[in-house]
Amino acid sequence: MKENFLTAMASSSFRRYQQSSEALSENDLLESIKRMEPIEPIVLSKTDFHFITEIKKKSPSMGLLSEKNFDINDQAEQYTKGGASLISILTEPTQFSGSLEDLSTIAEMKLDIPLMRKDFLVHPYQVSEARYYGAHGVLLIIGMLNNELLEKMVLRCLEHDMFAILEVFNQSELDRANDMIKKTDGVIDSLLLGVNCRNLKSLTVDFANFEKLANDLPKNTICVAESGIYGSNDIKKVIKMGYRAALIGTSLMQSEDPQATLQKMKAAASKSI
């Protein structure tokens, strides 16, 4: 099979998992987590609109998004002051210039806001690894995981009191995500549903993908619009479609004043819900 971006990321991620587990066994990792201070499961209001703001130094489609003097702590602080509900930190090193150290750095700030590890995770070990480095939740890309592996990774999240965003791109992936959400009924706040309008195989963006899948979004679950959102008008559009959160990286990373940019989008959301 010809390798596309998503399969290339899966291969790279699996190699990183192997390296990490050789340095720290899964059993030792889990024992270390037992000694950590517990975290509270997230509870996000289903009537508000939430902003998941992203630390993303580089993008494979747009190149470098941060200057050499980029201050990751300042960016996270501006997101917090701007009213973000969650902060997403890219930890993928080869295409996004991220690292687990970035996650750890922000976790050490002890901000009053949950953190999410965003990466191309392919093994339950990496969920635990995210918790070890300070994350409260992870992104799980449905298109990369078979049903058995997906369930194991979701259960590992719940074991650690973490949340997960189940990311989908097409109808079949949405159906699988809906099935998983039904299976874990009773922990509904811990699972969010993300619709990406970027095809991770080709990296092309189609904003219409949000509307294409809107009719089958799960009820009583916060649904997140991911990628392709650059301003207040885009926020208003996805709210009308039924989304109650947006994951925004590029426009905030490129903004000279991320806090003000976020507050402007929040104001637009408040008028639309």
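Trainee: Is Lys-34 buried or exposed, and what is its relative accessible area?
Mentor: Burial is judged with a 1.4 Å probe on protein chains only: under 20% relative accessible area is buried, over 50% is exposed, and values in between are partly exposed. Lys-34 falls in the exposed class because its value is 63%.

Trainee: What kind of model is this, and from what number are residues counted?
Mentor: It is a predicted model, in which local features need pLDDT of at least 70, side-chain atom pairs count only at pLDDT 80 or more, and totals for chains, interfaces and linings use all residues. Side-chain values use heavy atoms, with hydrogens and water left out, and residues along each chain, as its sequence is written, are numbered from 1.

Trainee: Which residue forms a salt bridge with Lys-34?
Mentor: A salt bridge is a side-chain nitrogen of Lys or Arg within 4 Å of a carboxyl oxygen of Asp or Glu. The closest N and O atoms of the pair are 3.2 Å apart, and both residues lie in helix α2, three residues apart. The partner is partly exposed, at 31%. Lys-34 is bridged to Glu-31.

Trainee: Which helix holds both Glu-148 and Lys-152?
Mentor: Helices (H or I, at least four residues) and strands (E, at least two) are DSSP runs, numbered from the N terminus. Glu-148 is exposed at 53%, while Lys-152 is partly exposed at 45%. They are separated by about one helical turn because they are four residues apart in α6.

Trainee: Which residues do shared salt bridge partners join with Arg-16 and Asp-119 into one network?
Mentor: Two members of the network meet in a salt bridge at 3.0 Å, N to O. That pair links distant parts of the chain, strand β5 and helix α5, 12 residues apart. Its Arg is buried at 1%, and its Glu is buried at 6%. The two are Arg-117 and Glu-129.

Trainee: How many residues of α5 are buried?
Mentor: Helix α5 is mostly covered. Its buried residues include Pro-124, Tyr-125 and Val-127, and the elements covering them include α1, α2, α4 and β6. Of its nine residues, the number buried is eight.

Trainee: Which helix contains Arg-156?
Mentor: Arg-156 is buried, at 12%. Contact means heavy atoms within 4.5 Å. Leaving aside neighbours within four places in sequence, Arg-156 touches residues including Glu-26, Leu-30 and Ser-128. The helix, residues 147-159, is α6.

Trainee: What is the volume of the largest pocket, and which helix gives the most to its lining?
Mentor: On a 1 Å grid over the protein atoms alone, a pocket is an open set of points with protein on both sides within 12 Å along at least five of seven lines, a cavity is a set where a 1.4 Å probe fits but cannot get out, and lining residues have an atom within 4 Å of a point. Points are joined across faces, edges and corners, and volume is the space filled by probe spheres set on them. The lining has 23 residues, with Ile-39 and His-136 among those nearest the centre. The pocket holds about 590 Å³, and the helix giving the most, three residues, is α4.

Trainee: What is the volume of the largest cavity?
Mentor: The whole structure has two cavities of 30 Å³ or more. The largest is lined by 27 residues, with Glu-54 and Ser-227 among the closest to its centre. Its volume is about 320 Å³.
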